[in-house]
Each structure stands twice: as structure tokens, then as C-alpha cells.
Amino acid sequence: MKSRFLLIPAYALVVAAPVQATVYMSVEQAQAQMFPGATLTPDFVTLTPEQMKSIEKACDVNVLSPNLKAWRVSTGGWFIADQVVGKHEFIPFALALDDKGAVKSVEILEYRETYGDQVRNEAWRAQFTGKTHDAPLKLNGDIKNISGATLSSRHITDGIKRLLTTYDLVLAKQGS
Amino acid sequence: MTSFSPNKEVERARPLLGTTVNIRVTGMTEAIAHTAITEAFAAVERVHALMSFHEAESDLSRLHAAGPGERVQLDAQTARVLMEARRLSQLTRGVFDVTIGSRLVAKGLLPAPDAHHPACSDANWEDIEIDEQGGARLRRAAWIDLGGIAKGYAVDRAIDVLRAHGVAHGCVNAGGDLRTLGEGPHRVAIATDEAGVTHIPVLEVGEVAVATSSGRANATPDAAPHIHGRTRVEVNRYQVATVVAPQCIHADALTKVVLALGSESAPILQQFDAVAYLQNQAGQWTGIGTAL
């Protein structure tokens, strides 16, 4: 099996990509992929404090924002654009619900990752200040693949649970 | 929205298999890339539904719910993964053993399944019988966790789907267990979860699978995530093992063998045309079956 092992000075990576941010899809692209051919009509909701409280009580997940970006789908169902707090950053995602309120699909819209958490630490980065010019290895853009210990998707799972509860308690009760 | 520029890179991510799975395709028209990715995700979802430890309808849950000796018809994919798991158990004489589920439950790393039969404490991989028709029976009650092998298998299935759509360049990454398409070279950074490192390990590979397991990940003061199948003792939680192999199912499973056996895993790796990189507690790297 052909593979080459390199130890790249961390500062070379810090310079190349201090934070690995990947934009997978825009909200519009996600709508087109998740409901092909359908027309989506915005039906944004501002949750009342009482609604927020009852959602938290029912699903045991904190509701961080009263603003719910939901679209009605011409072919039935809902499209919701929302976000959860990941390890450090907001992770925007889109949820497609069918006309019964069941999950049709989930797409992560944007993701930020670092080469280890320490890259985000100012003090850690400071130790490489001034070393950027003599970086022995030129990197052609980002390293796009990271093999590592599994990151949990728990926060996204919790976000989906919260939106399903929001659907039950709020969206499903709205007249069309 | 659809562009016909063939050099476009399309990448999408979904929360699956308890992690984030992302699929990247290059060199296809955007429309074909999206279709290929959607169907590749469906293949991963299928593996998830069949082999989940948690979901009541999964093949595993049905097997756990059945009484000792009772035959359960499995999907061909589940049967294939269980047979590969058995093969690895045979080769490692039980170091790799998917019946450690009960131990992971006891350690609080997995929730107890809704099974009528508590796992027999000394049940092991030899208690899993698979027949030629894809049926399985457990000779003694055991809780099987495919968390150490099914993710790699799901990556392989997704790669098959991409290939069937004519995709020649891309990558499927299931939370760090990945497989590339195309000769690249692909650069793969290895996340070691260390604090304050000055160097980042990076692999340059062609068309291949790369998987990494770390004793540091998800470790709590009481429990490290990897267990030696034969001794049922936790393996050193300060090591990181990366395996490069043609198939991701093998790369994924072999990381646990390397964590448990270290350089003694060389002859086993060779059987799968695989090599490994192991980082010890002091942060030093060793190549197994390969020079550094």
C-alpha cells in the first residue's frame, strides 16, 4: 500500500488554513436538492417565550433563538433552515420534513474544523508568529481530508429533535 | 443553479452513523455529482439502519432480541459485515471481537439495548454463527457492537455508488474513516487530539482507505473507548493508530487491532495489504509494515 508519511510544521498549516471552513450548500441549493421541482414559500415564525419554554420542556434541548426559518413546500412538507452550536462554532443545517412531519433528509450546510482545537488558541498560534516566511513546505491550498477520531454528531441530533418538537407544537398547528 | 462546468467540486455532509459523513466529488457536472452524492448517502443510511446498536428495527437489535440459538434472517450486508468481523477475530485470535458490546454498555459508552436476554459475560465472537443463507444465531446471548467496522463498510458502499455513477475523483469521509477515489495524491491530515503540538502528521496517498482510532477520543476518567477483545481490558488510551488499506472496512477494523497489538499486528496487516502508523504516548510515530 503506497503512502507517504509527513510531519508538517503546524505553523505551515496555520498559515495555509487557520480554520477549515467548508461551505457545502447555500439554503437555496439545499431547497433545490431536498425538494426538487417544488415551490417553497417562506413562513417564518417568531416563537413566543411560552412556546420556547414548552419546546424545551418537551424535548429537553435548549431553544437558543425565537426565530424559526421555515418554508412551506408546494408538494407537501416543510423545509427548515437552522443551526446548532458545535464544539466551537455554529453549524448551519437544513431539515426537510414530509407532509406528516417525519424527517425526509438532513443536510449540513457549513462546517468548520481545525487541525486540533489548539489552532484556535491565540497563545498557541502566537508561538509561530514570524516563522511564516521560512515554512519549509509549501502547501497547495487546504488539506481537505482529515482522518481522526470520530466527532460526535450529537449536537445536530439534538437540533433535529428540537425542530421536530417545534413542528409538533407550533408548525403543525398553524392553518395554511 | 445547475452548472455544466465539469471541473466543479461538489461536497455535501449529513449527520449519519453517529458522526458527520461528508462526500466530495470532483470532475463531474453539478447535476450528476448531486445525484451520485444523494444515492451514496442513501447507501450509508441503509448500513446505519441495518447495523445500528440503538435502533429497535436494526438487524442487530433483532438478533439481540432473539433467544440463544434462535435463527434470525439478516440482510446480506449485515451478514457480510459479521462474516468479515469473524474473519478478523479468527486472525487476531479474538483481539478484535464485536461482542464487546456488553463491556461498552457496562462502561456507559453504549446504552443498554432493549433486549430480553442480558449478555452472557463470557460470550465471545465464536458464539456468532452465520449460515450460507445469511441467517445468524447466537449460541450464547451476546451484545454485538459493529461500531468498530460498520462505518468503514458504509464508506465502501458509498464509494461503490459513486463509481457506478462514473465518479473518478472524490472522497467519502465518515467522521475520520475515509476512502479516496482517483490517484490524487490526496493529503490526509491525522487528527491526534493532542494539546500544543508543533507538527501535524499528514499522509499522502493515492486511491485508498485511511482510518484512525484514538484512545484519547471520547475517553472519560473511567473509560477509554477501545477494548482488547481477548482480555476485555481497555487498550492504552494515549495511542493513536492510523491504517491505510484498499478497503475501508478493513482499515476501520484494523485500527483497533493495531491499538491492541502494536508492531505485532504486522503479519495481520499484511493479509489485508495494509500498513499502519502508530503514535505512542510520548508522541512518537512508528510505521508498521512500512517505513516512516
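**Figure 1. A strand pairing across the two chains.** In this predicted model, A:I146 has B:A189 as its bridge partner, and B:A189 sits in β8(B). Zoom out a little and you'll see the strand that A:I146 belongs to: β10 of chain A, residues 145-148, is joined to β8(B) by four bridges. Which way do β10 of chain A and β8(B) run, parallel or antiparallel? They run parallel.

**Figure 2. Where chain B touches chain A.** Now look at the whole contact between the chains: chain A puts in 38 residues and chain B puts in 53 residues. On the chain B side, several strands give two or more residues each, including β1 (9-16), β2 (19-26), β8 (186-191) and β12 (275-279). Which element of chain B gives the most to this side? That's β9(B), with seven residues. If you sort the chain B side by class, you get 26 nonpolar residues, 18 polar ones and nine charged ones.

**Figure 3. Chain A on its own.** Chain A has 176 residues, and 32% of them count as buried. Tracing the chain, you'll meet five helices and ten strands. Take the contacts in chain A with a separation of 6 or more: 65% of them link residues 24 or more positions apart.

**Figure 4. Two domains of chain B, side by side.** Chain B is split into domain 1 (59-138) and domain 2 (183-288). Their C-alpha centres are 24 Å apart. Each domain brings 15 residues to the contact between them. On the domain 1 side, helix α3 of chain B (residues 76-91) gives the most, with four residues. By class, that domain 1 side has six nonpolar, four polar and five charged residues.

**Figure 5. Inside the largest nonpolar core.** This core has 127 residues, and the members that touch the most others are B:A40, B:A158, B:L254 and B:A276. Why does the core lie between domain 1 and domain 2 of chain B? Both domains give residues to the core, so it lies between them.

**Figure 6. A close look at B:A276.** Here's one of those well-connected core members again. Which residues is B:A276 in contact with, once you leave aside its neighbours within four places in sequence? Among them are B:A241, B:T242 and B:V243, which follow one another along the chain. B:L254 is also on the list, along with B:V258, B:S265 and B:L269. B:I288 and B:G289 are in contact with B:A276 too.

Key. Residues numbered from 1 in each chain as written. Chains lettered and ligands numbered in written order. Predicted model: local features only at pLDDT ≥ 70, side-chain atom pairs only at ≥ 80, totals over all residues. Contact = placed C-beta atoms within 7 Å. Nonpolar A, V, L, I, M, F, W, Y, C, P; charged D, E, K, R; others polar. Pairing = 2+ DSSP bridges. Domains from an automatic or database assignment. Core = buried A, V, L, I, M, F, W, Y, C linked by C-beta atoms within 7 Å. Buried ≥ 20, exposed ≤ 12 C-beta atoms within 10 Å, placed from the backbone.
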